[in-house]
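Colleague: Could you take me closely through a single strand of this model, covering its burial, its partners and its place in the sheet?

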Amino acid sequence: MNDAPFAPDFADAIIRPSPNIGERKGEAPVDILLLHYTGMETGQGAEDWLCDPQSEVSCHYIVHEDGRVVQMVPEALRAWHAGRSHWKGETDINSRSVGIEIVNGGHEFGLPAFPAPQIDAVITLSRDILARNAIPPERVLAHSDVAPRRKRDPGELFPWDRLAAADVGHWVEPAQIGGGRFFSKGESGQPIEALQSMLAMYGYKAAITGVFDENTAAVVAAFQRHFRPARVDGVADASTIETLHRLLTALPALS
C-alpha cells in the first residue's frame with residue numbers, strides 16, 4: 001500500500017512533501033527548468049529548510065550528494081524557489097518552471113565540487129523532466145540567470161558542459177580568454193548598447209541604456225558563471241562577447 005501524499009513524477013524519487021506550495025498561475029505551459037544549489041552546510045539541513053513552513057521556500061526536487069532524489073512538490077503545482085526573477089520578459093518564473101535544488105555548500109561554504117553520482121542523478125532527473133514537459137534546451141537555466149543581482153547558484157563550478165553532452169541545456173564551447181578590447185563599469189556608447197541588446201535577446205534582464213552600469217555588470221557575471229566560467233568578473237571581454245554571439249547563433253530561431 002502506498003501512503004505517500006502524492007505520486008512521484010520521477011519514478012526514483014523519495015517523497016517528502018513541502019507545505020510551501022501553490023497553484024500555478026496563468027495559462028502558460030511549464031517551459032523552464034531552473035537549477036539551484038542549496039547553499040547550506042548540510043543536505044539534510046537544506047531539505048528540512050525547504051519543508052519548513054516558516055522558510056516560505058520550496059523546490060520540486062532536491063538532489064543529494066550521493067544521488068538520492070527527493071521530491072517535495074508535485075510538478076503540477078507551483079514551488080517557491082525562484083523569488084524575484086526575470087527571463088525573456090517573464091517575471092513569474094515559479095509558475096512556468098520546475099526547480100531542482102542541488103545539495104552544495106555554494107560560495108558561502110567554499111564552493112565545493114559536485115560529486116559524480118550527484119551530477120549523474122541531476123542529468124537523469126532533468127532528462128525525465130524535459131521529456132515530460134517539452135522544455136527547450138535554451139530554457140534550462142541557472143538561478144543566477146534569472147536573478148543575476150541576487151543569486152550566484154549553482155555557481156561557476158557546475159558542469160553545464162557535461163549536462164549539455166547528455167542533451168540537457170544549451171551550450172557552446174566558450175571562446176578562449178585572451179587580450180583585446182573589453183568593456184566594464186562606467187563605460188558608455190554604442191558597443192555597450194549592442195552588448196546589452198545581445199544579452200536581452202538571449203533572455204537576460206538587461207536594460208538597453210548604452211551605459212555599463214551595476215546591473216549590466218551583474219548580468220555579464222551571471223552569463224559568465226553559466227557559459228564562460230573560467231573567469232567570472234563582470235567584465236565583457238572579447239571571450240565573453242564571442243561566447244554570447246556563438247550562443248545566439250546556435251539558437252534554433254536564429255540558426
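Modeller: Before turning to the strand, a word on terms: a residue is called buried when its relative accessible area is under 20%, exposed when that area is over 50%, and partly exposed in between, with a 1.4 Å probe and protein chains only. Helices (H or I, at least four residues) and strands (E, at least two) are DSSP runs numbered from the N terminus. This is a predicted model, in which local features need pLDDT of at least 70 and side-chain atom pairs count only at pLDDT 80 or more, while totals for chains, interfaces and linings use all residues. Residues are numbered from 1 along each chain as its sequence is written, and side-chain values use heavy atoms, with hydrogens and water left out.

The strand I would choose is E3, residues 32–37, which is mostly covered, since six of its six residues are buried. In a regular strand the side chains alternate between the two faces of the sheet. In E3 both faces are covered: Ile32, Leu34 and His36 are buried on one side, and Leu33, Leu35 and Tyr37 are buried on the other.

As for its neighbours, two strands are said to pair if DSSP finds at least two bridges between them. With strand E7 (residues 97–102), E3 pairs in the parallel sense over six bridges, and Tyr37 stands opposite Ile102 of E7. Strand E8 (residues 140–142) also runs parallel to E3 and is joined to E3 by three bridges, with Leu35 standing opposite Ala142 of E8.

These pairings belong to an open sheet of six strands, whose order is E1-E5-E4-E7-E3-E8 and whose pairing is mixed. Strand E1 (14–15) and E8 stand at the edges with a single partner strand each, so one side of each is left without a neighbour in the sheet. An antiparallel pairing within this sheet is that of strand E4 (residues 61–63) with strand E5 (residues 69–71), over three bridges, where Tyr61 stands opposite Gln71 of E5.

To set the strand in its wider context, the chain has eight helices and eight strands. Its radius of gyration, taken over C-alpha atoms, is 18 Å, close to the 18 Å that the globule rule gives for 255 residues, so the chain is as compact as a globular protein of that length (the rule is 2.2 Å times the number of residues to the power 0.38). Of the 255 residues in the chain, 53% are buried.
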